[in-house]
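Dear colleague,

Please find below the structure that I am handing over to you, shown with its sequence. My notes on what was found in it follow directly after.

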Amino acid sequence: FSGRRLELKKAMSAIVDYELFLGKNLYGGLKDKKGLKIYGITDPAQFAFRCPTFSFTLEGYTSAQICRFMNENNIFVWNGEEGFGAYDLVKILNLTKYGGLLRVSLEHYNTIEEINSFLEVLEKL
């Protein structure tokens with residue numbers, strides 16, 4: 001590659017690396033929360049095979065309750081039984097009792113400070 005194509009490749013590579021960094025940081029804050037179960041790849045050595053989006057449940061709360069609490073604290077996440085395209089899996093895993101999953105999606109424009117804010121609010125639950 002050369003010229004603009006090379007620059008685009010470098011930019012996309014930087015985005016991939018940054019999102020991997022963000023994902024590892026979010027995972028680091030989620031993995032030890034009592035009662036929290038993450039669905040999907042949880043081995044940091046395998047994070048290159050996942051996007052920096054984490055779906056989870058938290059014992060004692062429905063996904064709607066967590067989502068509402070987060071939204072009230074200016075943290076915007078998604079929730080639902082449909083499992084974001086994985087409704088059959090949500091049913092098989094019996095996650096409907098939690099109202100499905102809570103979903104936190106990171107992008108190249110997110111910051112470590114935003115992750116820390118999210119984790120601080122989550123810790124209040």
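I begin with a contact between a charge and a ring: the charged end of Lys 37 sits over the ring of Tyr 39, at 5.0 Å from the ring centre. Please bear in mind throughout that this is a predicted model. A second arrangement of this kind involves Arg 50, whose charged end sits over the ring of Phe 47, 5.7 Å from its centre.

Overall architecture

The protein chain has four helices and four strands, and along the sequence they follow the pattern α-β-β-α-β-α-β-α. The C-alpha trace spans about 55 × 30 × 25 Å along its principal axes. Of the 125 residues in the chain, 34% count as buried. The chain exposes about 7900 Å², and carbon and sulfur atoms supply 53% of that area. Among contacts between residues at least 6 apart in sequence, 62% join residues at least 24 apart.

The strands

Strand β2 (53-58) pairs with β1 in the antiparallel sense over four bridges. Within that pairing, Leu 36 stands opposite Leu 58 in β2. β2 and β4 also pair in the antiparallel sense, over four bridges, and here Ser 55 stands opposite Arg 103 in β4.

How far is β2 enclosed by the rest of the structure? Six of its six residues are buried, so β2 is largely enclosed. In a regular strand the side chains alternate between the two faces of the sheet. In β2, Thr 53, Ser 55 and Thr 57 point one way, whereas Phe 54, Phe 56 and Leu 58 point the other way, and all of these are buried.

The nonpolar cores

The largest nonpolar core has 23 residues, and the members that touch the most others are Leu 26, Leu 30, Phe 56, Met 70, Val 77, Phe 118 and Leu 122. The elements that contribute two or more residues to this core are α1 (3-30), β1 (36-39), β2 (53-58), α2 (63-72), β4 (101-105) and α4 (112-123). Helix α4 gives the most, with five residues. Apart from this core lies another, of five residues, among them Tyr 39, Leu 95, Tyr 98 and Leu 101. Tyr 39 of this second core is also the residue whose ring lies under the charged end of Lys 37.

Leu 26 may serve as an example of the contacts made by a member of the largest core. Leaving aside residues up to four places away in sequence, Leu 26 touches Phe 54, Val 104, Leu 106, Ile 115, Phe 118 and Leu 119.

The aromatic cluster

How many aromatic pairs does the structure hold? There are four. One of them joins Tyr 27 and Phe 47 in an edge-to-face arrangement, with 5.3 Å from centre to centre and 85° between the planes. Because Tyr 27 lies in helix α1 and Phe 47 in the loop between β1 and β2, this pair ties together parts that are 20 residues apart in sequence. Tyr 27 counts as buried, at 13% relative accessibility, and Phe 47 is buried too, with a relative accessible area of 3%.

Tyr 27 also pairs with Phe 54: the ring centres are 6.5 Å apart and the planes are at 25°, so this pair is stacked. The pair links distant parts of the chain, with Tyr 27 in helix α1 and Phe 54 in strand β2, 27 residues apart. Both Tyr 27 and Phe 54 are buried. Taken together, ring pairs link Tyr 27, Phe 47 and Phe 54 into a cluster. Phe 47 of this cluster is the residue whose ring has the charged end of Arg 50 over it.

Two asparagines with positive phi

Most residues other than glycine have a negative phi. Asn 74 has a positive phi of about 60° although it is not a glycine. Its place is in the loop between α2 and β3 (78-80). Is Asn 74 buried or exposed? At 60% relative accessibility, Asn 74 counts as exposed.

Asn 94 likewise has a positive phi of about 60° without being a glycine. Asn 94 is found in the loop between α3 (87-92) and β4. With a relative accessible area of 40%, Asn 94 is partly exposed.

With kind regards

Technical notes: Residues numbered from 1 in each chain as written. Predicted model: local features only at pLDDT ≥ 70, side-chain atom pairs only at ≥ 80, totals over all residues. Heavy atoms only, no water. Core = buried A, V, L, I, M, F, W, Y, C linked by side-chain atoms within 4.5 Å. Buried < 20%, exposed > 50% of the residue type's maximum accessible area, 1.4 Å probe, protein only. Contact = heavy atoms within 4.5 Å. Phe/Tyr/Trp six-rings, centres within 6.5 Å; stacked < 30°, edge-to-face > 60°. Lys NZ or Arg CZ within 6 Å of the ring centre and 35° of its normal. Areas by Shrake-Rupley, 256 points an atom, 1.4 Å probe, with all protein chains shown as cover. Pairing = 2+ DSSP bridges.
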